[in-house]
Structures are given as structure tokens and as C-alpha cells.
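I have opened my notebook beside a structure that is new to me. Here is what I looked up, entry by entry.

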Amino acid sequence: MRKLRHWGPGLLLLSPSLILLAVFVYGLIAWTTKVSVSDEHNALGSKGFVGLENYTKLFTNDINDRFTHSLKNLLIFTVVFLVGAMFFGLLWAFILERGIKAEGFFRTVYLFPMAVSFVASGVVWRWLMNPNKGESAGGLNSVLGGLGLDFLQNTWWTNPDWGMAAMAIPAIWQLSGYVMALFLAGFRGIPQELREAAAMDGASTYRLYRNVIFPQLTPVALSALIILGHMSMKMFDLIMSVSGPQWLTEVPAIYVWQTLLTSDYAKAAAISIILLLLVAVVIVPYLIYTNRQEKNA
């Protein structure tokens, strides 16, 4: 009774959220898992249990290796996106941390793209990355042509060699400001005593940042990588707004959507569960790590 009196009020207050979470998150995950191991390949419903058949077919018997192709695209997009966003985010945070005039203005400029929806920015970047060249060039190719840099004009996201890497440019532009905000908060959270102690020991500016400040930013960098990696795996609206459902830039999230349009629910569910597992592989180790750090602290 004492335990009930102690935990009862809290559980009562949390119960609406717990019920909604159980039904609309874990309940739907369970339902999707059930569909993924069925033969529900049309609107007529499922006739039985097929085990892992839908999963194995994605890797061994998919038309034109479409699923593995989408995974490769996702890997390319994620790597380029993470490297670009982390680099520019850290660079801008470093510049602002060093102290410049009108810091508030530049901080607002860097953060503004976050306020724009992925759909709106995707439409703009579709025009900016117009693949036409010469007289019919538009967007960036038009600017390059006007500057006499025609040799730099390219087909952007329609390029078969690095088109998927070009798709990461809009994502880098939109989210590097978010990384900047994280790193800037990390810079400002470092105790001034550490800087003063390093200066008293005769450390140069390079040594100060290399051996004192940057190591303190490791948790921030890890958090940024996890958050951005999670977002890149579910990227749908930005890619669809720029390129549409194209084979060249297809990722698993777009493949799921197109599969659902054909009423192949079992296949779409299998792709969704694989995507969920990929996200879990990224997030779960991070959660375990942070919990251990908090306990040790």
C-alpha cells in the first residue's frame, strides 16, 4: 500500500501519455512487424505467415536490386550530410566563439534555415540545382555561366556518379546552423578557469583548442552526430521536393512510400522495420552510453 501511495499519483498523471505511447508507437510497431512477416501483398488481406521471406527477398530477389540500391544511396547521403553539417557547424561556431561584431545577426542568419520546412527549401533547391547547361541553364549553373565559369556547371542531382552526394547539399545548408548552435553552446559552457589555467601554463591558442577546448566538445559532437544521423535515415520530404521519386536518388523512405502505393503492405512493412532497426543501431548505443555517463557522474 505504501508503494502504491508513493507511485500511484505519478502513474495516474502519466497514464494518458503512456497509453497513447503504447498504442500509437509500440502498438503500431508491433502491427507493422506482424504485417512484415505475412503475405499481405495486395488489398485483399493476408492469407498466412511467411516468416522472414519478405526480408530475404529485399536483398536477394528485389527487382533490379532496388532495395540495396536505396541503401547505398542512403549511405552516401548520410556520410556527405554528416561530414558537411559537422564541418560547417563547427566552423561557424568557432568563428562566433572567437568574437565578431554583429554576432547576434550572424547567429540568426545561420539558424534561419531551420525555420524553413524541408518541402519549401526542397522546391527552392530544385531550381538552384537545375541540371540544364548553356543557354537553358538556371539556378547555380546560370550564375556560374554568368561569371564565366562554365566549366563548373554540372547536372547536380541527375549526375549518375555523384548525384546522391549533391542531394546532401540542401540538407547541409538547412541543418548546419543547428550544429552551430550546439557547438556554440558547448563553447560557452566550458569554464573560463580552464582557459585561464591553460594560458598561465603558456599554452598557445592552437594548444588551447587542441588539448583543452575541443576535447570538452566531444559529448556535443556525439549528440549532433546521433541526431543528424537519425534525421538523415528518415529523410523523405526534402529529397522528394528536389528530385521526386527518381531511381537515381531513391532512399528506403521513398521506396516505402512507392511500395505502399501498390498496396504491397507486407513488403512496405519489411522495409519499414529494417529502417527502424538501422535507426535503433545508431540511437540505442548512444542511449546506453549517456545513461552510463550520467550514473558515473
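**Entry 1: Val80.** I started with a single residue, Val80, and found its place in helix H3. A note to self: this is a predicted model. Is Val80 buried, partly exposed or exposed? Val80 has a relative accessible area of 29%, and because buried means under 20% and exposed over 50%, I put Val80 down as partly exposed. I then listed what Val80 touches, leaving out neighbours within four places in sequence: Ala165, Ala168 and Ile172. I also looked up Ala181, which is 101 residues from Val80 along the chain; their C-alpha atoms are separated by 20 Å.

**Entry 2: Ser70.** Next I turned to Ser70, whose place is in helix H3. Its relative accessible area is 0%, so I wrote Ser70 down as buried. What does the side chain of Ser70 reach? I found the backbone oxygen of Phe67, at 2.6 Å. Not counting residues up to four places away in sequence, Ser70 touches Glu250, Val251, Pro252 and Tyr255.

**Entry 3: helix H13.** Two of those names, Pro252 and Tyr255, came back when I looked at H13, where they are among the buried residues. The others I noted there are Ala253, Ile254, Val256, Gln258 and Thr259. That helix is mostly covered, with 7 of its 10 residues buried. Which helices do the buried residues of H13 pack against? I noted H3, H12 and H14. After H13 comes Ser263, and I jotted down its positive phi, near 65°.

**Entry 4: the nonpolar cores.** I wanted to know what fills the inside. The largest nonpolar core has 47 residues, and the members that touch the most other members are Phe77, Phe81, Leu228 and Ile239. Several helices give two or more residues to this core, including H3 (66–98), H5 (118–128), H10 (205–216) and H11 (218–233). Which helix gives the most to this core? My answer is H8, with 9 residues. I followed Leu228 further: not counting residues up to four places away in sequence, Leu228 touches Phe81, Leu82, Ala85, Met86, Leu175, Tyr178 and Val179. Apart from this core I found another, of 11 residues, with Tyr55, Tyr255, Ala268 and Ala270 among them.

**Entry 5: H4 against H8.** I came back to H8 to see how helix H4 (residues 103–111) packs on it. The angle is about 140°, and the axes are 8 Å apart. That angle makes H4 oblique to H8. From H4, the residues in this meeting are Glu103, Arg107, Tyr110 and Leu111. From H8, I wrote down Gly177, Tyr178, Met180, Ala181, Leu184 and Arg188.

**Entry 6: what the record says.** Last, I checked the annotations. An unreviewed UniProt entry gives "domain: ABC transmembrane type-1" for residues 71–286. In the model, residues 71–286 are 73% helix and 0% strand, with the end C-alpha atoms 22 Å apart. The unreviewed entry also gives "transmembrane region" for residues 12–31, 74–96, 108–128, 162–187, 208–231 and 268–289. I looked at two of these spans. Residues 162–187 are 92% helix and 0% strand, and their end C-alpha atoms lie 35 Å apart. Residues 268–289 are 100% helix and 0% strand, and there the end C-alpha atoms are 32 Å apart.

Note on methods
Residues numbered from 1 in each chain as written. Predicted model: local features only at pLDDT ≥ 70, side-chain atom pairs only at ≥ 80, totals over all residues. Heavy atoms only, no water. UniProt positions renumbered as here; feature names shortened; annotations may be inferred. Helix = DSSP H or I, 4+ residues; strand = E, 2+ residues; numbered from the N terminus. Core = buried A, V, L, I, M, F, W, Y, C linked by side-chain atoms within 4.5 Å. Buried < 20%, exposed > 50% of the residue type's maximum accessible area, 1.4 Å probe, protein only. Contact = heavy atoms within 4.5 Å. Polar contact = N/O pair within 3.5 Å; in protein donor to acceptor, adjacent residues only side chain to side chain. Axes fitted to C-alpha atoms, helices over the stretch in contact; angles between N-to-C directions. Parallel < 35°, antiparallel > 145°, perpendicular 65-115°, else oblique.
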